[in-house]
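Visitor: Hi, I'm new to reading protein models. Could you walk me through this one?

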Amino acid sequence: MDMIITISSGFFLLIGSFLCFSGAIGLLRFPDFYTRMHAVGVTDTLGAGMILVGLMIISTDFLVFAKLAMVLLLTLLIGPTTSHVLAKAAFHNGLTPKSLSNQEKNNKEISSSNT
Amino acid sequence: MIDIILLTLLVVVAIAIIRMKDLFAVVMLLGIYGLLSASFFVAMDAVDVAFTEAAVGAGISTLLMLVVIAMTGRKEKTNRHKPLPALCIVLITGGLLIYGTFDMPHFGAADAPIHQHVAPRYINDSMAEVGVPNIVTSVLASYRAFDTFGEVVVIFTAGIGVLTLLSVARRKEDAEKISSINDSMHEQHLVIRIVAKMLIPFIFLFALYVQFHGDFGPGGGFQAGVIFAAAIILYAMLFGLNTARKVINQTFIQLIAAVGVLLYGSVGIVSLMNDGNFFNYNVLASDPIAGQHLGILLIEWGVGCTVASVMMIIFFSFAGRLELHQHNERVKNQESS
Amino acid sequence: MLIAATLAIFVAMILAIIRGVIGPTLYDRILAVNMFGTKTVLLISLLGFVMGRPEFLDIAIVYALINFISVIGVLRYSDTNQFKHSPNDNESLKKEP
């Protein structure tokens, strides 16, 4: 039984840390804000959830378990919400995605060369 | 190992803050700095300090600085004076201070004076004398109650200062203008409104938990007050200042801020009248331990009330000022166009 | 495994700081702070288990809440003129309708 608990929690922790790590790489390496936000928004929630589930498995106290569950619920609620609002505010305040702005530039160049 | 990594990151972030010219970026990095130093406190086992740093350093102060930047502008002013003499003085002072640390006992040494003076009594006897499992609370609220009283008065004074300087509703035409501003800006942000509606009751509950659980774990009046105020600030940001002003009466908050300090002080007075020292809670009840519990409960309430209401006062004054500023600009733009 | 997860989170924190320092637009910085906040919550929960003091979890809850509030605050006040996306931030400026 102990064996199963250790292995399963280790499995969840491993997946969680891999996801967090890859999200961070994405945050650093991706070309513009929206792709970065995609990387972080997707991996952060899942990675945090995985790590918290891994910790919940090895927790012995009920209170600790309940608090971890509370943190998990909060992350699940808050993470997507902030991503959504952040993207909305960025687009609203005039930050265009890179591919879109390139397209616009190309279009302008084409139209200016035509005229 | 963890300490070293965290300290290195702290230094890196601090240098980056100094080098930045964009004030918005500086505020964001200060948020990171607050989070980092709080995790450093956690790694050093100073849980109560980490709690306060989390609530104040990373949360409220970031918000207040942002409101200020929204009024004053994002660019740092270029300084014209030559900083060379100042650098010399700082280097010399720093060198002397580092030289001074060579005489200090080694970090964490058991025979250091700080661990010999009053700390053994706190650690050994606080459970018998005060009966509160969390030593930090017993030191803060019972042994050092007078110092904490000073802190609460300082917070109260800050609230009064902000009110005198920034109180917006002083002039009549301004007051009319303020009530005409409709600032529920996130009308279209349905998602965030619903999530906030779900979270705000939970935050209130959690603040009360922190308030009353301070005897047994990390927490207490200061942290609870800040968390409570944070919930109301969240409400004010999403649903507009005027709605929040209708929900929470401003005069009532100001009254509560004063009542908190009074409650704290009167506990001391009552203990004086019962033939004890100032803030000696043993005389408050027939049993010394019960008296200590009662005293700590009351003064934590006083601290919580004052901190929460002063935080709200500061935020409402700052944000109200910003709103007036934006409203004036909008009117000016409309007139010119 | 706990130690490995802690290390992974440290690395993620360092990368987030780098993005926060260089991040060309202000939204990149907000994103970095937000991610840093979630990572801090995880770090504190993990540290509680590594050091055998799970009562640290109270702080993790506070962090999650405060992080949410400060991000909302940033977005609320990034609406003012001072924070309009300026063209010298290397991206094209779109006129507000």
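Guide: Sure! Keep in mind that this is a predicted model. Let's start with how chain B is divided: its domain assignment gives domain 1 (1–78) and domain 2 (133–337).

Visitor: How many Å separate the centres of domain 1 and domain 2 of chain B?

Guide: Take the C-alpha atoms of domain 1 of chain B and find their centre, then do likewise for domain 2 of chain B. The separation between those two centres comes out at 22 Å.

Visitor: Which class of residue leads on the side of domain 1 of chain B that touches domain 2 of chain B?

Guide: Here 14 residues of domain 1 of chain B are in contact with 17 residues of domain 2 of chain B. On the domain 1 side, two are polar, one is charged and eleven are nonpolar. So, with Ala, Val, Leu and the like counted that way, the leading class is nonpolar.

Visitor: Where is the kink in α3(B) centred?

Guide: Helix α3 of chain B covers residues 47–72, which is 26 residues. From first C-alpha to last it reaches 36 Å, close to the 38 Å expected at 1.5 Å a residue. There is still a kink of about 35° in α3(B), and its centre is Glu53(B).

Visitor: Which residue just after α3(B) takes a positive phi?

Guide: Look right past the end of the helix α3(B). The phi there is about 115°, and the residue is Gly73(B).

Visitor: Is Asp45(B) buried or exposed?

Guide: You'll find Asp45(B) in the loop between α2 (23–43) and α3 of chain B. Its phi is near 75°, a positive value in a residue other than glycine. A residue with 12 or fewer other C-beta atoms within 10 Å counts as exposed. Asp45(B) has 12, so it is exposed.

Visitor: Which helix gives the largest share of the side of chain A that touches chain C?

Guide: That contact takes 43 residues from chain A and 43 residues from chain C. On the chain A side, α1 (2–29), α2 (33–58), α3 (62–92) and α4 (98–114) each supply at least two residues. The largest share, 14 residues, comes from α3(A).

Visitor: How many residues does the contact between chain A and chain B take from each?

Guide: From chain B the contact takes four residues. The chain A side has two nonpolar, two polar and no charged residues. The number from chain A is four.

Visitor: Where in chain A is confidence lowest?

Guide: Chain A averages a pLDDT of 83, and 85% of its residues score at least 70. Confidence is highest in α1(A), at a mean of 88. Where pLDDT is low, the predicted coordinates shouldn't be read in detail. With a mean of 63, the lowest is α4(A).

Notes: Residues are numbered from 1 along each chain as its sequence is written. Chains are lettered from A and ligands numbered from 1 in the order in which they are written. This is a predicted model: local features need pLDDT of at least 70, side-chain atom pairs count only at pLDDT 80 or more; totals for chains, interfaces and linings use all residues. Two residues are in contact if their C-beta atoms, placed from the backbone, lie within 7 Å. Helices (H or I, at least four residues) and strands (E, at least two) are DSSP runs, numbered from the N terminus. pLDDT is the predictor's confidence in each residue, from 0 to 100. The expected span of a helix is 1.5 Å times one less than its number of residues. The bend at a residue is the angle between axes fitted to the seven residues ending there and the seven starting there. Domain bounds come from an automatic or database domain assignment. A residue is buried if 20 or more other C-beta atoms lie within 10 Å of its own, exposed if 12 or fewer, and partly exposed in between; C-beta atoms are placed from the backbone.
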